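Please examine the sequence and the structure shown here. The paragraphs that follow lead from the chain as a whole to particular helices and residues.

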Amino acid sequence: MRLRTAAARRFAGALPSLGVLAVLALALAGCSPERYPQTALLPLSDFARIGDDVQDVTFYWALGVFILVEGALVYSIFRFRGRPDDPEPSQIHGNTTIEIIWTLIPALILAAIAVPTVKGIFETNQTPPNSMKIEVIGHQWWWEFRYPDAGVTTANEMFIPQGKTVEVIISSADVVHSFWPPRFAGKRDVFPGRETRLWWKADSTGLFPGQCAEYCGIQHARMAFHVRSVSTSDFDAWIEHMKTLGPKPAAKPAAAPAGDSLKTASAGATAPPGTAQQKDTAAAPPQGPEYAAGEKLFMTKGCLGCHSLQAANAPKGLIGPNLATVGARSYIAAGWLANTDENLERWIREPQAVKKGVLMPNLGVTADEAKALRAYLRAHK
Ligand code: CUA
């Protein structure tokens, strides 16, 4: 009778732990990576796969150890549990053979994990040859992307060509940040006055989120960005289009820009949503009354003190993001607000309410002025 009571009590004592396990299993089942695009567990590049493979190897070794150790523990608990009339168990301190075995086995497991880890460290620190360079500059709280070979600049939405290695050269305009495009590569610290590097070759096309991963001030959590991976032909078309968004060289014959926009238009059929709209605007910018009013406001409200509307040969060192293609971006306010007309107007009117502490002040823009500015910026694609 006493035994049964003790067993029942033990079972009742284990119930909370079983409950916790059940809740944990349920919670883990909800962690399907497909529903959380900002995951490092679904790698989409060669670089990301190196890290993911190391994590897989480590995980399976840990899983094996867990099953063996916990299995032995649970087996022993039930098989050798104490009964009320049991004598004192025999004491077995210091078994040299067992101690050697359980020192050697973990050492061998660690060595097995160390080999792919060290190999991965060397591989990821070696940029493959013939990579395309992109400069990434962290700002409080947005990201600048410069393509030095093409001489074009954009912000918060990084275009990359699928199937081509990009080398990212990272620096900061102010404080320490961390650049993290989880589907493509690991985190890389971003320092003022020092360059760090990352590289990757994207497998897929699409729009993928990234995030600043180092606390950098009040809006650190909203210092996000997106990587837009497109086919090489769409990428080339995008670069050509970007080159037209800036002052033209004086000596260029008049026929040349038309050729450029034709080239862009021919790629339009397969271009991503942003690119497809871009050439319409380049060919015939909407000149409605709102656009004209917005243009005037943009020039007089002080916007140009911090923002550039040139993608080509854009000035360096500006405080605010480049807006040459802001109308075509999927997000505004550094990757966290969908680029809808409503959000764009609100962002222009009350930046301090939308993203407190952001360097753009509330400029006393009225609702009508915000509409006009939105129309003007929307046309910049
Ligand atoms: Cu930049 Cu956190």
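**The chain as a whole**

Of the 381 residues in the protein chain, 38% are buried, where buried means under 20% relative accessible area, exposed over 50% and partly exposed in between (1.4 Å probe, protein chains only). This is a predicted model, in which local features need pLDDT of at least 70 and side-chain atom pairs count only at pLDDT 80 or more, while totals for chains, interfaces and linings use all residues. Residues are numbered from 1 along each chain as its sequence is written, and side-chain values use heavy atoms, with hydrogens and water left out.

The secondary structure of the protein chain comprises 10 helices and 12 strands; helices (H or I, at least four residues) and strands (E, at least two) are DSSP runs, numbered from the N terminus. Among the contacts in the protein chain with a separation of 6 or more, 65% join residues 24 or more positions apart, contact meaning heavy atoms within 4.5 Å.

**Two helices against α10**

Helix α10 (residues 367-378) is met by helix α7 (residues 289-300): their axes come within 7 Å and cross at roughly 95°. Axes are lines fitted to C-alpha atoms, for helices over the stretch in contact, and angles run from 0 to 180 degrees between N-to-C directions. The crossing angle makes α7 roughly perpendicular to α10; angles under 35 degrees count as roughly parallel, over 145 as roughly antiparallel, 65 to 115 as roughly perpendicular and the rest as oblique. The residues of this contact divide into 10 nonpolar, 1 polar and 5 charged. In this division Ala, Val, Leu, Ile, Met, Phe, Trp, Tyr, Cys and Pro count as nonpolar, Asp, Glu, Lys and Arg as charged, and the others, Gly among them, as polar. On the α7 side the participants include Tyr291, Leu297 and Phe298, and on the α10 side they include Leu373, Tyr376 and Leu377.

Helix α8 (residues 341-349) also packs with α10, at an angle of about 120° and with the axes 9 Å apart. That makes α8 oblique to α10. Here Asp341, Leu344, Glu345, Ile348 and Arg349 in α8 meet residues of α10, among them Lys371, Leu373 and Arg374. This contact divides into 6 nonpolar, no polar and 6 charged residues. Within α8, the residues Asn343, Leu344, Glu345, Trp347 and Ile348 are buried. The buried residues of α8 pack against β11, β12 (337-338), α9 (351-354) and α10.

**Three individual residues**

Tyr331 lies in strand β11. Because its relative accessible area is 31%, Tyr331 is partly exposed. Apart from its neighbours within four places in sequence, Tyr331 is in contact with Glu157, Leu207, His226, Trp336, Leu337, Ala338 and Asn339.

Thr325 is found in the loop between α7 and β11 (331-332). With a relative accessible area of 5%, Thr325 is buried. The side chains of Thr325 and Arg329 are joined by a polar contact of 3.4 Å; such a contact is a pair of N or O atoms within 3.5 Å, and within protein one must be able to donate a hydrogen and the other to accept it, while residues adjacent in sequence count only if both atoms are side-chain atoms. Not counting residues up to four places away in sequence, Thr325 touches Thr154, Met242, Leu245, His380 and Lys381.

Gly217 is placed in the loop between β9 (206-212) and β10 (224-230). Gly217 counts as buried, because its relative accessibility is 15%. Gly217 and Gly357 are 140 residues apart along the chain, and their C-alpha atoms are separated by 8.9 Å.
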